[in-house]
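Here is a short tour of one protein model, written for someone who likes the criteria stated along with the numbers. Please keep the 3D view open as you read.

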Amino acid sequence: MPKQFLSPRNDLIFKLLFGDERSKEILTDFLKSVLLIPHEDYDTITILDPHLLPDYKDGKLGIIDVKLQTKSGKIINIEIQVEHIPQMRERVIFYDAKMVTEQIGASENYEKIKKVISIIITNHEFIEKSPKYHHRFTLYDADNKVEFTDTIEIHTLELPKIPSDSDGTPLWDWMKFLDAKNEEDLDMAAVANTQVNNAVIRLKELSADERTRMLYESRIKMERDIYSITKGKEDAAEKRGMERGMERGLHQGRNEGLQQGRNEGIQQGMTAGKIAIAQNLLAMNIPIDKIAIATKLTPEEIEQLRSE
């Protein structure tokens, strides 16, 4: 390989690998390793957004995921998250609920609703109370062991929890591919699984493509720029909050009043700063989940700001 391979953990590269019309066999094999749905459901897979980031033309940072529909109408959304996102669970529920409600209009009935499935791949521990790397969540009565519905189904895949030795499943092969740190890891992942081998070949092709590398570097730079901008504004807001808090504290007393005023001022300054940052990023058409990462506001709070 002429250049260092691009990591499949990067959301852009993941999209190019699994969200391309030419890669449906790779996508289908990965889905079969994760999901328990009838195999005939894979006979017709429609990638709902096969295009690569049209917003790159405008220099904007878009959310990248792989969204598809199966033969029976099930909607599946796959995304990979390298960095920890605050309120990740709430965010997943929020977007799954949107995938449900978007299926019906005001005059349609609930029979139109098809199952929605989220597959969340993380490069950090997400389900802290379990050592397993794969979990499947539905609406479930844990006391009586009865499932209410699987209309919403959430799968979590955690790369740090992959066992060193194979557990004999195709999913382990795919997880080792996604977790590859070097070319040797890639070649080892390709040995046991034909479709994983095809994914490795495709990844090497992408890594050798100058346009792909340019998009990859552009996205990394944009993410860093947004982090630097928001961090600088947040630090400035915190500083202003501390100054206001100290002024208030001086009027309330040298001891308890100073500390209380400082805490209140910091909190008010940070909140005001986060709101200002969120408003600026909304004006730039930055996706809500990226704004949540930058500001630590919830998606609901950001939606409220947008409606205002």
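## A helix with two sides

In helix α5 (residues 183–191), the buried residues are L186, A189 and A190. Because they cover an arc of only 100° around the axis, they sit on the same side of α5; the arc is that of the directions from the helix axis to the C-beta atoms. Buried stands for under 20% relative accessible area, exposed for over 50%, and partly exposed for what lies in between (1.4 Å probe, protein chains only). Helices (H or I, at least four residues) and strands (E, at least two) are DSSP runs, numbered from the N terminus.

This is a predicted model, in which local features need pLDDT of at least 70 and side-chain atom pairs count only at pLDDT 80 or more, while totals for chains, interfaces and linings use all residues. Residues are numbered from 1 along each chain as its sequence is written, and side-chain values use heavy atoms, with hydrogens and water left out.

Turn α5 around and you find the exposed residues E184, M188 and V191 on the face away from its buried side. The buried residues of α5 pack against α4 (170–178) and α6 (194–208), where contact means heavy atoms within 4.5 Å. At the N-terminal end, N182 caps α5, with a side-chain oxygen 3.1 Å from the backbone nitrogen of E184.

## The sheet

Now to the strands. An open sheet of 6 strands follows the order β1-β2-β3-β4-β6-β5, with mixed pairing. β1 (46–47) and β5 stand at the edges with a single partner strand each, so one side of each has no neighbour in the sheet. Two strands pair if DSSP finds at least two bridges between them. Some of the pairings are set out here.

| Strands | Sense | Bridges | Opposite residues |
|---|---|---|---|
| β1 and β2 | antiparallel | 2 bridges | I47 and L68 |
| β2 and β3 | antiparallel | 4 bridges | K67 and N77 |
| β3 and β4 | parallel | 7 bridges | Q81 and T122 |

β2 and β3 form a hairpin with 5 residues between them, and G73 in the turn has a positive phi of about 100°. In a regular strand the side chains alternate between the two faces of the sheet. In β2, V66 and L68 make up the covered face, whereas K67 and Q69 make up the uncovered one. Helix α2 (residues 24–34) lies across β1, β2, β3, β4, β5 and β6, running at about 90° to β3; axes are lines fitted to C-alpha atoms, for helices over the stretch in contact, and angles run from 0 to 180 degrees between N-to-C directions.

## Two single residues

Is K145 buried or exposed? At 63% relative accessibility, K145 counts as exposed. K145 lies in the loop between β5 (134–141) and β6 (146–158). Its phi is near 55°, a positive value in a residue other than glycine. Most residues other than glycine have a negative phi.

I291, in helix α9 (residues 288–295), counts as buried because its relative accessibility is 0%. Leaving aside neighbours within four places in sequence, I291 is in contact with A278, L281, L282, I286, K296 and I302.

## The chain as a whole

The protein chain has 10 helices and 6 strands, and buried residues make up 46% of its 308 residues. Among contacts between residues at least 6 apart in sequence, 63% join residues at least 24 apart.

Technical notes
Polar contact = N/O pair within 3.5 Å; in protein donor to acceptor, adjacent residues only side chain to side chain.
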